[in-house]
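Hi there,

Here is the structure I promised to pass on. Please open it next to this email, and my notes follow below.

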Amino acid sequence: MEPCLKELAKRELMDSGFCSRVQDFTVGRFGYGRVKFLGDTDVRWLDLDQIIRFGRHEVVVYGDEGAKPEVGQGLNKAAEVTLVLQIRSSSFEEGRLNDIVEKLRLCTKRQGADFISFNPSNGEWKFLVHHFSRFGLSEDDEEDIAMDDATVVQHPLETNAREVSDIDEATLVEPNGAVLSHSLPAHLGLDPIKMKEMRMVMFPVDEEEDHDFSGEFKQREQSFNKEYIRPPLHYSARRMSHKSGSSVARKTPLALLEYNPGSVDSSSSGTILMAQQNKGMPLKTTKVEGFKLDLKHETPITESHSRNIVDAALFMGRSFRVGWGPNGILVHAGAAVGGNDSQRVLSSVINLEKVAIDKVVRDENNKVRKELVDSCFISPLKLHKDIKHETKEVEIGSFKLRLQNPVSNRLMLSEICRSYIGIIERQLEVPEVSSSARVVLMHQVMVWELIKVLFSAREISGQSKSAGADNEEDMMHDRSEGSSDVDLEALPLIRRAEFSYWLQESVCHRVQDEVSSLNESSDLEQILLLLTGRQLDAAVELAASRGDVRLACLLSQAGGSTINRADVAQQLDLWRTNGLDFNFIEKDRIRLFELLAGNIHGALHGKNIDWKRFLGLLMWYQLPPDTSLPFVFRNYQQLLADGGAPHPVPVYIDEGPVEEAVSWSVGERYDLAYYLMLLHASEGSEFGLGKTMFSAFSSTHDPLDYHMIWHQRAVLEAVGAFSSNDLHVLDMGLVSQLLCLGQCHWAIYVVLHMPFRDDFPYLQATLIREILFQYCESWHSQELQRQFMEDLGIPLAWLHEAMAVYFNYCGDLSRALEHYIACANWQKAHSLFMTSVAHSLFLSAKHSEIWRLATSMEDHKSEIEHWDLGAGVYISFYLIRSSLREENNTMCELDSLESKNAACKDFFSCLNESLAVWGGRLPVDARVAYSKMAEEICGLLLSDSGEGSTRDVQLSCFDTVFSAPVPEDLHSSHLQNAVALFTCSLLEV
């Protein structure tokens, strides 16, 4: 650190406030790099160990996004970053310095920084950043630049506890393989020698594996300083790839594949690709039974009986960690999720469980229904796609993405909501849908109705329509008979009337259920219940049928003029003032009078009702009939804060039933309808409840179901009622559901609708590429999905690269090569062509195919390393063979035998050099193909040399043939012919 702590303390004493304006403050780590913060920096109260983290070829400042200050504050400011790169010295010797500098320049630009310089003598890479997150090289970049695998130089003072622990672990096994007394078996109370013998019996391994295993520990001991900074899963993957690096490409895909999008090498590190062949895996928990030692034996330390449960990895010399597989599959060695048998957790038992991401498309028999998939996901997304969209082009390197955003107006909102309601109603028609799912579906219908009521707009005319109506029902009746054009002043009253009607429809079924549960003698209680649902006609009719005409007259005016309410309230006060004995009046009648007087708490004394009916009582009977909806909602919110109103609990808790127990605490989460009311009440001001509002729990008990709430958010944003750029959890939740169902194209469609953020400019591109690579098995064979992705503007190069990796993984190398060429990945295409494809085609006599593939790459040979010693060899072969056969005049300079001999000599030299460069990467068949090429050229050359040429030229041709990489028996044959020719020449002399 410059200045150091002592210097800072000294300068602070000399100049008070110096630490608040340190000039060019620099922080670094020996062997990794440094950061110089330009200008004045306030270093007071900074925890540098937490803020700045140096890793291999990277630096992270403010890794916790929540703790990051605004740009220009703290250390989130412009700085000059210097990173020390460990690059193989051979890269400079081969003249690749310019390529490395260009790659670093592109990498810097891609991260939004400005490249300054690269010093090959010390490996220092300098660049300028404007603000901080993570800067450095990715795994792809490290592989492209050919990083050195040597241990990073560590300053002695920087050795931490993790490094020491790595040393301890590495030294648990001695070079001769003997287990130390302080190892894990002894710690568990077991005899290490017996454990080793049991391991040999239960897990036999061949000598080669034992050798590799012991060698790994030695290698790890030597390079622990480097490995400790990598994630645990990454280290396990590297060990696995190291063991299988020399094996032939697998023909059958495994469940997991490690792949770096910038490389096809099996040893490269990167993200885990999850294949799809296990998508039909059953949901039930599957346990692979572990093993137990005999309980009859006593442990050597405690001399008491023990269950002797031992980790299988201990015997196998392997480690096992938690891992995620495709479609929400979790593999772990702990207790089953939700299990109660905590005393039986065995480290040797592996649990295989699946997160129920697709629960929404399963019926009550837990079977996936195709019609549910369509109604829950496909149809809503098609409807969303039909909404007008605006696009924004984002540059991702040399590619462009078209980010999309739906736009609409509030005049069209009613039609959009009705379309979504129609989709949900078709879903309700599917047989065997569970009762809890039906409750949620009905709630979704009511939510769309509420969105239509609160946020839709209407055509405005000059005439006032039903502006003076005293009752919401009258206004709704007038609207149905009148035109759709309404006066501006009547809009608040019309919206209130529509909301009143929505509220009545929402609580109608609950009112009827409670009324039907009462006996016929409790007519007053029935009337009170009918009033809670604003069913005035039924209440008046019931009172009149019982002969209570006066009560019927009062009920007919309920919720009307405030004068009538004041009269009823005054009458109740007079009765109390005059000491009237209320015991002679039915309690339910008094409650009715209190409700008609506008005292809803007095009317509900000792009686619990749901929050929607309470809100209705507040609006219908307590507040004036012309009160605006925002005021009604804020009034209810205030009562809720004061404890005077029931909590707006989610529908699955309020109404149920649900198959699983759902916990809920006060204020934890509320119903989506309540948040929509608060959003309407905000009237354009900042709304800070977006994340809570659009959480899955606000509308369903399934925490992983975002399929409908995503559309509700999108529609509200489209009409301008709401905006947010921090709801990525909502987007990723729907993406996960779609991927689980194999709808990769729709998942990418959702990703393209994620809001663009300047601090994460490559978020959409990263997600799309991850989906393409991980789920290539699912989408590559479906033409509709591929065409859909192309229509979305996904770069074709990304599609071809994903398919290239997949086919390479499956062993279909010819198709992999085609896709590498299509995505312009010339280096990998050339490598695959040389090591796997060309020799097979040559031995199969498919020469036209070799010519097509080689010439397709020839225009880009400047981008391909060792082109002349790779595919260029095949092109040279066909050109020379054509000339020697005299089939055409493509090589006019080879007319004479001398020129043909010189060309053949250059070709054989190129063949030998190619064999030396490619070395062990070429299989035996490739060497056979080289030999056959040399043999054919030798035959053609020698056949031409016998036609009117001099003895010297003929002997020169034999000299050329002797340099060809042909079998020894053919060499001997040529040698005999050369000796015979030489003998003839001597005789002629």
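pLDDT is the predictor's confidence in each residue, on a scale from 0 to 100. You will want that in mind, since this is a predicted model.

**Confidence**

Over the chain, pLDDT averages 77, and 73% of the residues reach 70 or more. Helix H31 (residues 744-751) has the highest confidence, at a mean of 96, while strand E9 (residues 256-259) has the lowest, at 32. Two stretches deserve a flag. Residues 477-484 stay under 50 in pLDDT, and the model gives them 7 contacts beyond four places in sequence. Residues 887-894 are also below 50, with 12 contacts in the model beyond near neighbours in sequence. Where pLDDT is low, the predicted coordinates should not be read in detail.

**The five-stranded sheet**

Let me start with an open, antiparallel sheet of 5 strands, in the order E1-E2-E5-E7-E6. Its edges are strand E1 (22-29) and strand E6 (114-119), each of which pairs on one side only. Ignoring direction, neighbouring strands here are turned by 15° against each other on average.

Inside the sheet, strand E5 (residues 79-84) and strand E7 (residues 124-129) are joined in the antiparallel sense by 6 bridges. Ala-79 sits opposite Val-129 of E7 in this pairing. On its other side, E7 runs antiparallel to E6, with 5 bridges between the two, and Asn-119 has Glu-124 of E7 as its bridge partner. E6 and E7 make a hairpin with 4 residues between them, and Gly-123 in the turn has a positive phi of about 75°. Helix H4 (residues 97-110) lies across E6 and E7 and runs at about 150° to E6.

There is an aromatic pair in this sheet too, one of 32 in the structure. Phe-25 and Phe-37 are stacked, with 6.4 Å from centre to centre and 20° between the planes. Because Phe-25 belongs to strand E1 and Phe-37 to strand E2 (residues 33-41), the pair ties together parts that are 12 residues apart in sequence.

**The three-stranded sheet**

A second open sheet has 3 antiparallel strands in the order E3-E4-E8. Strand E3 (52-55) and strand E8 (134-136) are at the edges with a single partner strand each, so one side of each has no neighbour in the sheet. The twist from one strand to the next averages 15°. Strand E4 (residues 58-61) pairs with E8 in the antiparallel sense over 3 bridges, and Glu-58 stands opposite Gly-136 of E8.

**Two helix pairs**

Two packed helices are described by the angle between their axes and the distance between the axes.

How are H14 and H15 oriented to each other, roughly parallel or roughly antiparallel? The axes of helix H14 (residues 413-428) and helix H15 (residues 435-455) cross at roughly 170° and come within 9 Å. Angles over 145 degrees count as roughly antiparallel, so H14 and H15 are roughly antiparallel to each other. Among the residues making the contact are Leu-413, Cys-417, Ile-421 and Leu-428 of H14, and Leu-441, Val-445, Trp-448 and Phe-455 of H15. By class, this contact of H14 with H15 has 12 nonpolar, 3 polar and 4 charged residues.

Helix H40 (residues 897-918) and helix H42 (residues 951-962) pack at about 10°, with their axes 9 Å apart. That angle makes H40 roughly parallel to H42. H40 contributes Leu-897, Glu-898, Asn-901, Cys-904, Lys-905 and Phe-908 to the contact, and H42 contributes Val-953, Ser-956, Cys-957, Thr-960 and Val-961. The contact of H40 with H42 has 6 nonpolar, 3 polar and 2 charged residues.

**Backbone oddities**

Most residues other than glycine have a negative phi, and most peptide bonds are trans. Two places depart from this pattern. Glu-2 and Pro-3 are joined by a cis peptide bond, with omega at about -5°; Pro-3 is located in the segment before helix H1 (5-14). His-57, which is not a glycine, has a positive phi near 60°, and its place is in the loop between E3 and E4.

Happy to hear what you make of it.

Best wishes

Notes
Residues numbered from 1 in each chain as written. Predicted model: local features only at pLDDT ≥ 70, side-chain atom pairs only at ≥ 80, totals over all residues. Heavy atoms only, no water. Pairing = 2+ DSSP bridges. Axes fitted to C-alpha atoms, helices over the stretch in contact; angles between N-to-C directions. Contact = heavy atoms within 4.5 Å. Parallel < 35°, antiparallel > 145°, perpendicular 65-115°, else oblique. Nonpolar A, V, L, I, M, F, W, Y, C, P; charged D, E, K, R; others polar. Phe/Tyr/Trp six-rings, centres within 6.5 Å; stacked < 30°, edge-to-face > 60°.
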